[in-house]
Amino acid sequence: MADQHPPIKIAPPPWQCHYSAYIGSFYISAKSGLPREIAYEPLEASSARFTEAGVWKGGLAMIQLLRYSSTPVGPYDEMILLPGKFDVPGGHGSYTRVTRIYVSQRDTTYNGRKNWNIPKHIARFKYTGDFSAPPFTVQLYPEDPAIDEPFFTASLQHLSFWTPTFPFSSNFLKRLGLSNTMVQPPLPEGEPKEVLCGTDAWYKNTGNIYSPRANLVWMDLKQPGKNANDERENWWPGIKRWHLGVRLQDAQLNFGEPEVLEVSS
C-alpha cells in the first residue's frame with residue numbers, strides 16, 4: 001500500500017521553538033547498571049554503535065515532558081529520557097545524552113534524527129486532565145493504534161504548599177554545575193527510512209533555553225498495573241515513586257547547528 005502521509009518537511013537548524021515543559025530528575029548510580037530495555041527504543045538497542053558508544057557514568061537523570069506550540073515543523077508533544085552522562089570516546093569528556101525520546105508527529109522525528117542525532121520515535125500521547133494546568137496524567141502508547149497498553153505513565157501535580165515562580169535559563173543550569181550541552185552518537189536506520197533515518201557522524205549539541213515563569217511540581221512515576229514486587233513499579237528499576245520537578249511556562253528553546261566531533265571508537 002502506498003504511503004498515505006504527506007512528504008516530510010525538511011527543516012535544517014537553527015531552530016527556535018516555543019513550548020511548556022515539566023522536568024523530573026532522579027539520581028542513578030553507575031553500579032546499578034543501565035537497563036537497556038528502558039534506556040533505549042528497540043531500534044537503537046540493536047545498534048552496538050549507539051549503545052556501546054562510550055561508558056555510561058550514571059549521575060543525574062531526567063525525564064522531560066514537553067508541549068511545543070511553535071517550531072519550524074509545527075506543534076507537537078515530546079517525552080525525553082536523559083539517563084545521566086556518558087564518556088565520549090577519544091578523550092572528548094563526559095556529556096549528557098538523550099537515549100530515548102518520543103514525539104507525536106513525523107516531521108520532527110526525521111529532522112531531530114537528521115539534524116542532531118536525537119533518536120526520536122513516534123508515540124501516541126493520551127492525557128487525563130490539562131497539560132497546562134496540573135494535576136494531569138500523560139500516557140504514551142506505541143504508534144500502532146491496535147496496541148492499547150501504555151509503555152510509560154507520568155502524573156504531575158502542584159506541591160501541597162505555595163511556591164514562588166522564578167526565571168529559568170541555561171545560565172541557571174550552569175550555576176548548578178549542570179550543562180546544556182549533549183553529545184550524541186550516530187543513529188541506526190529504521191523503517192520507514194524516510195522517517196527513521198540513520199546518521200554517520202558524532203554531534204555535539206547545545207540548546208539555549210529560557211522561561212520567565214518556572215515553579216516546582218511533583219512528578220509521579222507509578223506505572224498502572226505494577227506493584228511493589230515488580231522492579232518497574234516506578235518505571236526505572238530501583239527509584240522512588242515521587243520526584244521533585246520543575247515546570248517551565250512560556251519557554252523558548254534555541255537549538256543551533258551541531259558541532260561535528262571526530263570520534264574514534
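**Briefing: a leucine patch, a buried asparagine and two cysteines**

Leu178 sits in the loop between helix 5 (170-175) and strand 11 (181-184). This is a predicted model. Leu178 helps form a nonpolar surface patch. Asn115 is buried. The disulfide count is 0.

**Surface patch**
- Leu178 is partly exposed, because its relative accessibility is 32%.
- Leu60, Leu176 and Leu178 together make a nonpolar patch on the surface. The patch covers about 250 Å².

**Asn115**
- Asn115 belongs to helix 4, which spans residues 106-116.
- Its relative accessible area is 8%, so Asn115 counts as buried.
- The Asn115 side chain reaches the backbone oxygen of Ala11 at 2.9 Å.
- Leaving aside residues up to four places away in sequence, Asn115 touches Ala11, Pro12, Pro13, Trp15, Tyr203 and Pro258. Ala11 therefore appears both in this contact list and as the partner of the side chain, through its backbone oxygen.

**Cysteines**
- A disulfide is a covalent bond between the sulfur atoms of two cysteines.
- Why is Cys17 in no such bond? The closest cysteine sulfur, in Cys197, is 17 Å from the sulfur of Cys17, which is too far for a bond. The cut-off for a disulfide is 2.5 Å between sulfur atoms.
- Cys197 is likewise in no disulfide; its nearest cysteine sulfur is that of Cys17, 17 Å away.
- Cys17 is buried, because its relative accessibility is 2%.
- Cys197 is buried too, with a relative accessible area of 7%.

Technical notes. Residues numbered from 1 in each chain as written. Predicted model: local features only at pLDDT ≥ 70, side-chain atom pairs only at ≥ 80, totals over all residues. Heavy atoms only, no water. Helix = DSSP H or I, 4+ residues; strand = E, 2+ residues; numbered from the N terminus. Buried < 20%, exposed > 50% of the residue type's maximum accessible area, 1.4 Å probe, protein only. Polar contact = N/O pair within 3.5 Å; in protein donor to acceptor, adjacent residues only side chain to side chain. Contact = heavy atoms within 4.5 Å. Patch = residues over 30% accessible without salt bridge, like charges linked within 9 Å, V, L, I, M, F, W, Y side chains within 5 Å. Areas by Shrake-Rupley, 256 points an atom, 1.4 Å probe, with all protein chains shown as cover. Salt bridge = Lys/Arg side-chain N within 4 Å of Asp/Glu carboxyl O.
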